[in-house]
Amino acid sequence: MLPTTILIVAFGSAGFVYLAGRVHARVRDTLAVLSSLVLVGLIGLGYGAWREVVYVPDFLGLELVLRLNLLAWFFAITVAAVVSLSTIFSLSYMRRKESANFHYSATLAVEGAMLGTVFAGDLLSFFIFWEIMSWSAYLLISCNRGRALEAGLKYIIMSLVGSCAMLIGLLAMYSGLGVLSIPLVAEGMQAASPGFVLLVLLTFGLGFGIKSAMVPLHTWLPDAHSEAASPFSAVLSGVLIKMGIYGFVLLMYVVVGLKLLLGVGAGWLTFRHILCWLGAITVVVPTFIAVLQSDAKRLLAWSSIGQIGYIILGLSFGTSLAFAGAIFHALNHALCKSLLFLAVGAVEHNTGGVRDLNDLGGLAKRMPVTFACALLAGLGLIGIPLTSGFVPKWLIYRSLIEDGYPFLALAALIGTWGAILYVYKLLHNIFLGQLPEKHREVRRAPLSMRIPILLLGLGILVFGVVPGIPLRAVQDIGHTFGLAQLKVTLWGLGSEAGALNMLNICLAVVIAFAAAFLLLRLGAKGRAVDQEDSYAAGSAVPVGRYHYTVDFYGPLSRMISPYLRDRADEFYYWLAARGREIADLTRKVYTGYAGTYVLYIVSFLAALIFLQLVWHIW
Amino acid sequence: MISSLKSSLESTFKDVAVGEPEAGRLSVLAPKDSLPVVLRYLKENGLDHLALLSCVDWPERGKFEVVYVLSCYMPSNTDYASEQRLHVFVKAEIPREHPALQSVIDVFENAEPYEREIHELFGVHFAGHPRLIPLFLEREYEIPPFRKDFDTRQYVAETFDPIPPVDE
Amino acid sequence: MDRNQLAKWLKSPVEMANKYSLHAVYFCTGCGIIEIPPVITARWDAERFGIKAVATPRQGNLFMITGYVSLKTLKAIIRTYEQMPDPKYTVAFGSCPINGGMYWDSYNTIKHLDKYIPIDGWIAGCMPRPEAVFIGVTHLWTLIDKGKADGYIRYSKNYASYRRNQEMLFGDLGWPPLYPSESPAEEARA
Amino acid sequence: MVNPILLIAVPLGLGFIIPLLGLIWEKPTRYVPAAAMVFNLAASLLLLPKVLQRPWVVETAGLPPPFSIHLVAGPLGVGLSLLIALVGLLVAIYAIGYVREGPVAKYHSLYLFLLTGATGMVLTADLFNLFVFFEILCISSYALVAYHGDRAGTESSAKYLIQGAIGSSLVLIGIGFVYGLFGTLSMADIARNIDSVSPMKLFLPMAFLITGFGVEAAVLPLNAWLPDAHSSAPSSISAILSGIAIKAGLYAVARVLFTIYGADTIALLVLVIGILTLLVGEMSAFSQNNIKRLLAYSSIGQIGLIVFALGLASALGVQGALFLVVSHALAKSLLFLSVGYMIYRTGSMEISSLYGMGRRMPVSALCFTIGAFSLVGLPPFIGFPAKFTVIMAALERADPLFTALVGVVLVGTVVEGAYFFRIVQGLHFRPPPESATPARADQEEAPVSALVPICLLAALIVAVGVYPSVLTHYLGPAARDLLDKAAYIHHVLGP
Amino acid sequence: MVTRIIHIVLSPLIALVVAVFLLGLSRIVIARIHRRYGPPIYQPIIDIIRLMNQQSISHGTLFELGVVLALAGSIVTVLFIPLGGTNAPPGSYPLAHGLLCPLSSSGGLLVVIYLMLFGPVSIALGAGASENPNASIGVSRKMLLALAYEVPFLLVILAIMSHYGTISIAEIVSRQQDSAWGVFSVPLSAVAAFLILPAMLGIRPFDLVGAPQEIASGPLAEYGGRYLALLTIQNGIQVFVVIALFVNLFLGGGVNVITFLLKVFAVFLAAELVSAVLPRVRIENALRFCWTWPTGLALAQMIITVVSR
């Protein structure tokens, strides 16, 4: 009964939190945090107890099933962890905001919907929870008022298009195979005609592509993630796009199955190939757009699209290494990106809403813990060894290179360098450099903000130094889909050629660090100075004007910004404008004169008779 | 050619004394209030470059003589190309006590630093100057240093000598 | 690198290193800077003696003041001198820093530079030729050997009077004192 | 057991009593329609399980069926009358508090006549009788649209009257043709010997009937009256019009098409008309800034979807259509009711003036959101299973044409989603316009008499949305009742 | 296991010594080109000793941590790069000895690419914490320059990896020792690599990161005393690592350490000669240059290898 109890707890607590909010803020806060932690506990307990539960026997003649297996558990525990940490974070972030009640309850509702989507045993309940997730996320984005309204509208319209496509796929599958529960559908698909498989792949691919912001369908993400309230944009970026990834895994590895997937498509131009190249483009283009952004959250939003590109690249590549790398990177990105969004939220909270990278700086002195964890998360995004980002990227690169796709590997590697640029820009402009005058009295981030940031940082470090834990889970998932077995040791991959052993790297770095530190100790002690005493060509440091963060990568942006116009976005706005024109045109049918209306009726009658005379329709 | 300029100057401005101290030089003594008008007239007649702005201190006459040295950027585009480069000295006299002049920045933008320098070193106030802040000097001086009645030796004795050597 | 050099190296490497690696702070104050390029480049090659120009005072230990020092330049010189890390040596070129030279009566130049910052070596000549510069440098080496090139020690010991002189000249310098011990000028003002 | 005839007789009788009662004692007249509807609701609930297997044929004036006016209380008829009674009851409760000024007694009697007309149409088995009830429905709705008496109200009701009159005259001509051909007016009798006449001669009356009923059923070219009528009528009336009156018209068209003519050949034409209505309705609703006009256009869109479902002419298709009828009736009346008091509070029907009402009237705003989401077809609400069944029916035959048509239908849904989400956002998250009258604390939320129906409707929408099996159990026999011509004839005219 | 420990201690020492030697050598080479004597070869050692004893200033823990991490990163990178020796059975080459590459088995070329990244990123963090705009401008240039030369560098490495079909350097070296050197099997990549060598070493044509005249030695603006000493060592090791990688990938790595170091010296001399005579370029020109010529060549080579395989 576990999955149903989890869903009941999630949706029930969403309702109670809203009511508690009416009573008193303190009650609501404790209830929200408590229920999210209970959810984490329940899911944690659920490990190993794989089961299937029917929760609605007859829904339009279909049986709705919830199942709990390793894949579902892996995604569920990530969702629950990130949401509970974001709820703890929003205790102090949301204190003064007036939409706090709604924020807490809607976050829990979104979490419930996400867990429902992950636990869904049949495609109909998957679709139901998918839609609930979409519109509750829409409400949560637009509850941040101001520019978030337009961003929320853009998000819900695009996900509505995606859901309609998925509905067509779903019902075509139902009419074709007569059944919707996932295992039965999987068998049915093997016997289905290639055209039918392609239709299913395209429709579901469109729906999941929009939700996971693949390149041509990504335009809602930068607005939605940067305008939503910070705790929720952490959830959005951390786990909500991962639902799109979970959808892809379900579609490509479970429903369609790997063998069939590789066959789809004519000769050279296969579905897998297109998805690989889309993933590669998703890695490169958004990453360099992120480098040129000057708003912290928009930079992180664009970087999310870039990192999703890696996961899609890994998934669509299909080898066991690439799959393991992709799923591990999904976990890594969830940790790093939610930490970065929480850190930017903490900075925004402390400096009174300043998000523009050009007038922040030197906050490391005031918020050391936030800076240290943001640094760790940044390195995790890049994939520096000793952070959880290194192993997945290493896996993806290795599989790309060894199977002879150097150009895809090139795109992935360039994406990493783009990541270095925008991570350093984010860290430098917010935390390093001179502390401007107006941020002098910024206090440390409150405790309820530092705990989640610290926990996430810890997670990144632990999974970085000991990648064996997540790797084993990921590899078991791959095994259930029939992928080859990887020799996973606690510290990395097995010992055959080109293996990876994090223990050696970790020890080497520690020893080298000790050696360098000893060397430093040899020298004469240094004298600490504050920020006024720095070299300014012999003159006193002009206070407040001696800080360089404006237009950080000026030369690069001058060179490549003309090529990085977001053409997909312009196309969608052009489409919307044409749609509005057609709408105004059709409205003109109702002219407002009774005469024309009567003419309509008579002409309709005449048309009917004319049809009968000419074509004998009846 | 210089004669045509000389005659046109004398004809247009009544209260202007135009002399020709040497070949290719023209000196124009104008009253202090009509300076901008004269300079604008000369600018339209091809002398579009303010080469120098200097000030001569006549303590005995109690006068400052402000000299604007004009020449043309591109002799080729004016009809004076044949002779060597023409220089016109526009002079104006202002009293020594409260020297003040109208700034000519709207005629010649590059006059801005020159006027600041004259202000700093002679104490001449230029009305309408956007920012009359010190240009070279580091300290404040009661008597601007370039004035003849500024006794540098006595100033040095006052400021530098009293500073004692560093006692070991 | 003959034998007795090796003995000296083994006896006191730090002092030898200070001698043979003089990184000159890249500061052109007065008219003497025109003498520095020939010193650095092909004809007289200062790098033979380990003298290299560095960009910031943080990295250098030799401070060459080449020529007269105007008021505005003195402020920059003091700031740069204070930003240089400790075993630092200053060398003044020409007669102007000594007593004002031909600008002895000018209102704008500093007469006795050593009233404001300690100077270790003087090189005479109204802009000494490169050979004179090298003689000065070798002389500086002997001073370092004898331990007499103690400008930076004198500066820290008598910092109060140096600071007093500087504040007498400039009033407010614009940056806090280097050694924030109670300097008399401060007591007077506080 | 309760005789179906009472379902019609009671509201009709009470309708006449109200003006008399009004003369003596004004106050209770407001409660009479609610009482009538309670009776109808109870009667239909009692009748429904009984008629599931065999419809109950009721003769009036003792003569056997072909010659007397008789009613057929089949699962479809009783089901629809149950829906009419339910929505009528809730709107009547709402109207108690809402309708204050103006000839209140006349309003309530006309309201009852409208509901009698609808219930009568649904239950009758006789073509002329169908026309009579159709007339009662139309005339009372003309009058009610003009209830406010302001310029917009009278002008739109005049236009509605003109088109309605033409429509009913076409129906009358059609019935004349049919009577000329068959000499009988009982639908079952006509259906039985329909093929004894050449199709060419038969098509004319069908065209007239369909166009006539189509005017009330708001099919594409014939629905020009709907936007003005619904937007200028008082909110309770536009709720009833959108919820019930159009559905009755649709029922008539469906009955004529399926039972009498058994026409599955022109199903494709109906399909195309449905899609056109859907697209035109949604498109013209997209850039509206008057809330009630927008809801009216969205009604046209939904009607288009129902006609599309009917056009599929399959058992599942008709079942989907009926499901949509129920879902649209509940959701649209909820929207009109909740918007009614918002307009009353802000004084204008502009959407921009509704911004920020979420804080002033939280409950009605929440119910509006539930109604809007259900109309767009989002899962936990009734709209989703309805739309799901319709699309499942459309994709049943798995040929690419229908997939394309479903694509077009879903484009309509996306457009509908676009404007509904914009309104929901404005309602909850936009600051109220400065010009808004300062929110007086006392008359903040709508009165209890308005909140009860709104919350009941919202509760129904969510309940059926989560457990649709409670409704699908009755939709199956209802769909068969409509489609299965032979069974209908057999039941009405005996073996 | 014991030989491994010895190797782990030995290779950083070799790297350290050779790095300091290369620094001294570069100053002599440039001096000789300027037709002047130049400092003695051991001048860097004197500088380091002097800097070590010079008092310095520090702008906070991250300022110091950046330096230490940079040096640690460079030292670790050295452990992953084979410094001569061969895996072939003993006796197949004269004077050969076992491969001097302690951690070659725990992650191949990809780990080296990432670890080479360790140094610049930590210097960037340290310089960022030094609250000096010169440092910030220097670091932003360093990042852009890194982006500039990474594109061709990655193309080169991918061409080699797909040519030899493996990601472990040791195997690439041994394959080259059997058959032809990298220079001959992937010639265009070798040329491209040589074109971007000055950029990776940070010397003359591309030393816009620490340009003394423009931005007061960029990231090192605030570093003095012992920090500067460590940073010079780190720069030396970084130079050695880059050239060692070049030698391993293109010149087949040395059969024994001596030949390896000779090759390193030769490549370094070639790079120094090129750089001694070229003026400094602006960052835009550097970006434009690195993304046209070397990238074009490397791309061509990649296409050739992909097609030919």
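The exercises below, each with a worked solution, deal with a predicted model of a complex.

**Exercise 1. Find how confident the predictor is in chain E and in the complex.**

Begin with the single chain: the mean pLDDT of chain E is 89, and 99% of the residues of chain E reach 70 or more. Then turn to the whole complex, for which the predictor gives an ipTM of 0.88 together with a pTM of 0.91.

**Exercise 2. Describe the contact between chain A and chain E, and work out which element of chain A gives the most to it.**

Step 1. Counting residues on both sides, 59 residues of chain A are in contact with 64 residues of chain E.

Step 2. On the side of chain A that touches chain E, at least two residues each are supplied by α16 (390-402), α17 (406-431), α20 (502-522), β7 (526-528) and α21 (554-560). Of the elements of chain A, α20(A) gives the most to this side, with 12 residues.

Step 3. Sorted by class, the side of chain A that touches chain E holds 42 nonpolar, 15 polar and 2 charged residues.

Step 4. A pairing of strands also links the two chains, since β7(A) and strand β1 (residues 56-58) of chain E pair in the parallel sense over 3 bridges. Within this pairing, A:Gly526 stands opposite E:Ser56 in β1(E).

**Exercise 3. Trace how β4(B) pairs with strands β3 and β5 of chain B, and sort the side chains of β4(B) by face.**

Step 1. Strand β3 (residues 49-58) of chain B pairs with β4(B) in the antiparallel sense over 9 bridges, and B:Leu52 stands opposite B:Val69 in β4(B).

Step 2. β3(B) and β4(B) form a hairpin with 4 residues between them, and in the turn B:Gly62 has a positive phi of about 65°.

Step 3. Strand β5 (residues 87-95) of chain B runs antiparallel to β4(B) and is joined to β4(B) by 8 bridges; here B:Tyr68 stands opposite B:Val90 in β5(B).

Step 4. The side chains alternate along β4 (residues 63-71) of chain B: B:Phe64, B:Val66, B:Tyr68 and B:Leu70 point to one face and are buried, whereas B:Lys63, B:Glu65, B:Val67, B:Val69 and B:Ser71 point to the other face and are not buried.

**Exercise 4. Explain how chain C is divided into domains, and how these domains touch.**

Step 1. The domain assignment of chain C gives domain 1 (3-157) and domain 2 (158-190), and the C-alpha centres of these two domains lie 24 Å apart.

Step 2. The contact between them takes 11 residues from domain 1 of chain C and 9 residues from domain 2 of chain C. On the side of domain 1, α4 and α7 (151-157) of chain C each supply at least two residues, and by class this side divides into 4 nonpolar, 1 polar and 6 charged residues.

**Exercise 5. Locate the largest nonpolar core, and follow one of its residues to the residues that it touches.**

Step 1. The largest nonpolar core has 599 residues, and those with the most contacts inside it are A:Leu339, A:Ala412 and E:Leu145. Helix α5 (residues 133-164) of chain E contributes the largest share of this core, 21 residues.

Step 2. Leaving out residues up to four places away in sequence, E:Leu145 touches E:Ala199, E:Phe206, E:Leu208, E:Val209, E:Ile283 and E:Ala286.

Step 3. Apart from this core lies another, of 30 residues, including B:Ala30, B:Leu70, B:Val124 and B:Phe126.

Terms used: Residues numbered from 1 in each chain as written. Chains lettered and ligands numbered in written order. Predicted model: local features only at pLDDT ≥ 70, side-chain atom pairs only at ≥ 80, totals over all residues. pLDDT = per-residue confidence, 0-100. Contact = placed C-beta atoms within 7 Å. Nonpolar A, V, L, I, M, F, W, Y, C, P; charged D, E, K, R; others polar. Pairing = 2+ DSSP bridges. Buried ≥ 20, exposed ≤ 12 C-beta atoms within 10 Å, placed from the backbone. Domains from an automatic or database assignment. Core = buried A, V, L, I, M, F, W, Y, C linked by C-beta atoms within 7 Å.
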